[in-house]
Amino acid sequence: MKKYEVMYIVRPNLESEGVKKIVADFNEIFVSRNSKVLELKEIGLKDLAYEIQHFTKGYYVWLLVEANSESIAEFNRVVNITEDVLRHIVVKEGE
């Protein structure tokens, strides 16, 4: 298993319960596939560098995970079909 940094931006108009559900669901993707969430930081509402889908702010979430390729692939699949996520990135630690 390798370490990855994962960051995603959630729509700012989502209620706090909706954000908590998204964070919990994404964490469960890793945990249910024999991976570990080592750190989780909900950075919060920040200005975006440029407008995305008519939003100028977004709710940032950062994770440090120790994951296998299956869990990374599943995370990417799910995050791409989740309408409440504006952007995401997964980077292998050390790159």
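Accessible areas come from the Shrake-Rupley method with a 1.4 Å probe. On this basis, the accessible surface of the protein comes to about 5,800 Å². Carbon and sulfur atoms hold 48% of that surface. The model is a predicted one.

The secondary structure consists of two helices and four strands. Along the sequence, these elements follow the pattern β-α-β-β-α-β. The C-alpha trace spans about 35 × 30 × 20 Å along its principal axes. The radius of gyration is 13 Å. A compact globule of 95 residues would have a value near 12 Å, so the two agree. Of the 95 residues, 35% count as buried. Contacts with a separation of 6 or more were also examined. Of these, 72% join residues 24 or more positions apart.

Charged side chains were considered next. The protein has 13 positive and 16 negative side chains. The centres of the two sets lie 3 Å apart.

A search of the whole structure finds four aromatic pairs. In one of them, the ring centres of Y8 and F26 are 4.9 Å apart. Their planes stand at 90°, and an angle over 60 degrees counts as edge-to-face, so the Y8 and F26 pair is edge-to-face. Y8 belongs to strand β1, which covers residues 2-10. F26 belongs to helix α1, which covers residues 16-31. The pair therefore ties together parts that are 18 residues apart in sequence. Both Y8 and F26 are buried.

The rings of F30 and F75 form another pair, with centres 5.5 Å apart. Here the planes meet at 25°. Planes under 30 degrees apart count as stacked, so the F30 and F75 pair is stacked. F30 lies in helix α1, whereas F75 lies in helix α2 (residues 69-81). This pair thus ties together parts that are 45 residues apart in sequence. F30 has a relative accessibility of 0% and counts as buried. F75 is buried too, with a relative accessible area of 0%. Y8, F26, F30 and F75 form one aromatic cluster.

Helix α2 also holds E74. The relative accessibility of E74 is 17%. Buried means under 20%, so E74 counts as buried. Leaving aside residues up to four places away in sequence, E74 touches I29 and R33. Of these partners, I29 falls within the span of helix α1, residues 16-31.

Strand β4 spans residues 85-92 and contains V90. V90 has a relative accessible area of 23%. The range from 20% to 50% counts as partly exposed, so V90 is partly exposed. Residues up to four places away in sequence aside, V90 touches Y4, E5, V6, I72, F75 and N76. Among these partners, F75 is a member of the aromatic cluster and is itself buried. F75 also places a contact of V90 in helix α2. V90 and E5 are 85 residues apart in sequence. In space, their C-alpha atoms are 5.8 Å apart.

Technical notes:
Residues numbered from 1 in each chain as written. Predicted model: local features only at pLDDT ≥ 70, side-chain atom pairs only at ≥ 80, totals over all residues. Heavy atoms only, no water. Rg over C-alpha atoms; globule rule 2.2 N^0.38 Å. Buried < 20%, exposed > 50% of the residue type's maximum accessible area, 1.4 Å probe, protein only. Contact = heavy atoms within 4.5 Å. Lys, Arg positive; Asp, Glu negative; His and termini not counted. Charge placed at Lys NZ, Arg CZ, Asp CG, Glu CD. Phe/Tyr/Trp six-rings, centres within 6.5 Å; stacked < 30°, edge-to-face > 60°.
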